[in-house]
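The exercises below are meant to be worked through with the sequence and the coordinates open side by side. Try each task before reading the solution that follows.

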Amino acid sequence: MPSPTVGVEAGYDRWAATYDAVANRTRDAASAQVLDWRPLLAGKAVLEIGCGTGRNTAVIAPAAREVDAVDISQGMLAEAARRPECAEVRFVRADITRPLPLASARYEVVLESLALEHLPGVLGIFREAFRVLRPGGELLGCELHPYRQLLGKQARFEDADGEEVLIEAYGHSISEFANAGVQAGFGIVELQERADPSGEPRLFSFRFRRPLAG
Ligand SMILES: C[S@@+](CC[C@H](N)C(=O)[O-])C[C@H]1O[C@@H](n2cnc3c(N)ncnc32)[C@H](O)[C@@H]1O
């Protein structure tokens with residue numbers, strides 16, 4: 001019988017307590033990518049979207065000047081708020097498919113990891129990221145590689161009774177990310193693909209910049 005699929009908010013509320021504890025190579029690869037980006041965040045005002053349990057928030061908060069972090073799941077946010085490194089972080093419950101309840105031109109970096117696979121399209125959040133970034137600010141994102149999505153991989157967890165549960169997800173191609181970034185007004189600084197030691201692609205990441213003028 002196929003595994004059931006649940007909505008994003010309900011799914012992550014159910015996964016929150018075990019998200020950090022279970023083995024998850026994609027989650028760990030994304031954390032390695034965020035660690036690589038940490039120098040780009042040092043001393044900056046940062047917005048993290050889809051922060052989840054705050055595993056990356058806790059890494060960037062000590063380096064950044066200030067961090068605001070958004071997620072739709074109250075369960076994930078509650079885990080994040082428990083982390084001592086996040087004591088100064090302002091957590092906001094918000095749906096990133098809708099206009100963000102945040103001021104324009106407020107941040108120097110917007111960061112996301114593994115959240116956009118849950119959005120039917122990425123143009124809306126890219127436009128919002130552009131709006132809340134200052135001119136010259138950067139959007140840094142990493143996602144499950146489209147190759148893996150085409151193999152049928154997506155966010156999933158094991159429920160308390162051992163049943164596998166899938167969380168609503170959508171495939172996005174690299175050209176979709178790149179074209180939506182450009183359409184939102186960004187310049188592309190870098191696109192990267194990270195592979196496992198076997199050579200199979202694992203992550204796709206992008207670094208976009210809001211131009212100084214515009
Ligand atoms: C796979 S987790 C990634 C969490 C964290 N960024 C990480 O890398 O460990 C995806 C997160 O995105 C959040 N998310 C997904 N869709 C969202 C939406 N529409 N609005 C806000 N958060 C969303 C989920 O609640 C979840 O916490």
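**Exercise 1. Which residues of helix 5 are buried, and what covers them?**

Solution. The model is a predicted one, and the first step is to go along helix 5, where the buried residues are Ile125, Phe126, Glu128, Ala129, Phe130 and Val132. The second step is to recall a general point: an α-helix has 3.6 residues a turn, so residues three or four places apart point the same way. The third step is to look at the cover over these buried residues of helix 5, which includes strand 2 (45–49), strand 5, strand 6, helix 7 (174–184) and strand 10 (201–209).

**Exercise 2. Find the buried residues of helix 4 and the elements that cover them.**

Solution. Helix 4 spans residues 74–81, and within this stretch Gly75, Met76, Leu77 and Ala80 are buried. Among the elements that cover these buried residues of helix 4 are helix 1, strand 3 (66–71) and strand 4.

**Exercise 3. Describe the surroundings of the ligand, beginning with the residues closest to it and ending with how much of its area the protein covers.**

Solution. Begin with the neighbours: 21 residues surround the ligand, and the closest are Gly50, Asp71, Asp95, Ile96 and Ser113. As for the site itself, the ligand sits in the largest pocket. Next, take the polar atoms in turn. A nitrogen atom of the ligand lies 2.8 Å from a backbone N or O atom of Gly50, while an oxygen atom of the ligand lies 2.6 Å from a polar side-chain atom of Ser113. In the side chain of Asn56, an N or O atom is 3.2 Å from an oxygen atom of the ligand. Finally, of the 590 Å² of accessible area that the ligand has on its own, the protein covers 98%.

**Exercise 4. Is Leu111 buried or exposed, and which residues does it touch beyond its neighbours within four places in sequence?**

Solution. Leu111 should first be placed in strand 5. Its relative accessible area is 0%, and because buried means under 20%, Leu111 counts as buried. Setting aside neighbours within four places in sequence, the contacts of Leu111 are with Val34, Trp37, Leu47, Glu48, Ile49, Ile60 and Leu140. For a sense of distance across the model, compare Leu111 with Glu200: the two are 89 residues apart in sequence, and their C-alpha atoms are 25 Å apart in space.

**Exercise 5. Trace the polar contacts made by the side chains of His145, Ser205 and Asn24.**

Solution. Take His145 first, which lies in the loop between strand 6 (133–144) and helix 6 (146–150) and is buried because its relative accessibility is 6%. The side chain of His145 has a polar atom 2.9 Å from the backbone nitrogen of Tyr147, and a polar contact of 2.7 Å joins the side chain of His145 to that of Glu193. When residues up to four places away in sequence are not counted, His145 touches Ile174, Glu193, Pro201, Arg202, Leu203 and Phe204.

Turn next to Ser205, a residue of strand 10, which is buried with a relative accessible area of 3%. Its side chain makes a polar contact of 3.5 Å with the side chain of Gln33. Apart from neighbours within four places in sequence, Ser205 is in contact with residues including Gln33, Trp37, Gly141 and Cys142.

End with Asn24, found in the loop between helix 1 (8–15) and helix 2 (25–41), where a relative accessibility of 18% means that Asn24 counts as buried. A polar atom of the Asn24 side chain lies 3.1 Å from the backbone nitrogen of Thr26, and the side chain of Asn24 also reaches the backbone nitrogen of Arg27 at 2.9 Å.

**Exercise 6. What is the phi value near Ala105, and what is it near Leu114?**

Solution. For Ala105, a residue other than glycine, phi is positive and near 50 degrees; for Leu114, also a residue other than glycine, phi is positive and near 65 degrees. Ala105 belongs to the loop between strand 4 (90–93) and strand 5 (107–113), whereas Leu114 belongs to the loop between strand 5 and helix 5 (123–132). As a last step, consider exposure: Ala105 counts as partly exposed because its relative accessibility is 38%, and Leu114 counts as buried because its relative accessibility is 13%.

Conventions:
Residues numbered from 1 in each chain as written. Predicted model: local features only at pLDDT ≥ 70, side-chain atom pairs only at ≥ 80, totals over all residues. Heavy atoms only, no water. Helix = DSSP H or I, 4+ residues; strand = E, 2+ residues; numbered from the N terminus. Buried < 20%, exposed > 50% of the residue type's maximum accessible area, 1.4 Å probe, protein only. Polar contact = N/O pair within 3.5 Å; in protein donor to acceptor, adjacent residues only side chain to side chain. Contact = heavy atoms within 4.5 Å. Near = heavy atom within 4 Å. Areas by Shrake-Rupley, 256 points an atom, 1.4 Å probe, with all protein chains shown as cover. 1 Å grid on protein atoms, 1.4 Å probe; cavity = no way out; pocket = protein on both sides within 12 Å on 5 of 7 lines; lining within 4 Å. Sits in = over half its atoms within 2 Å of the grid points.
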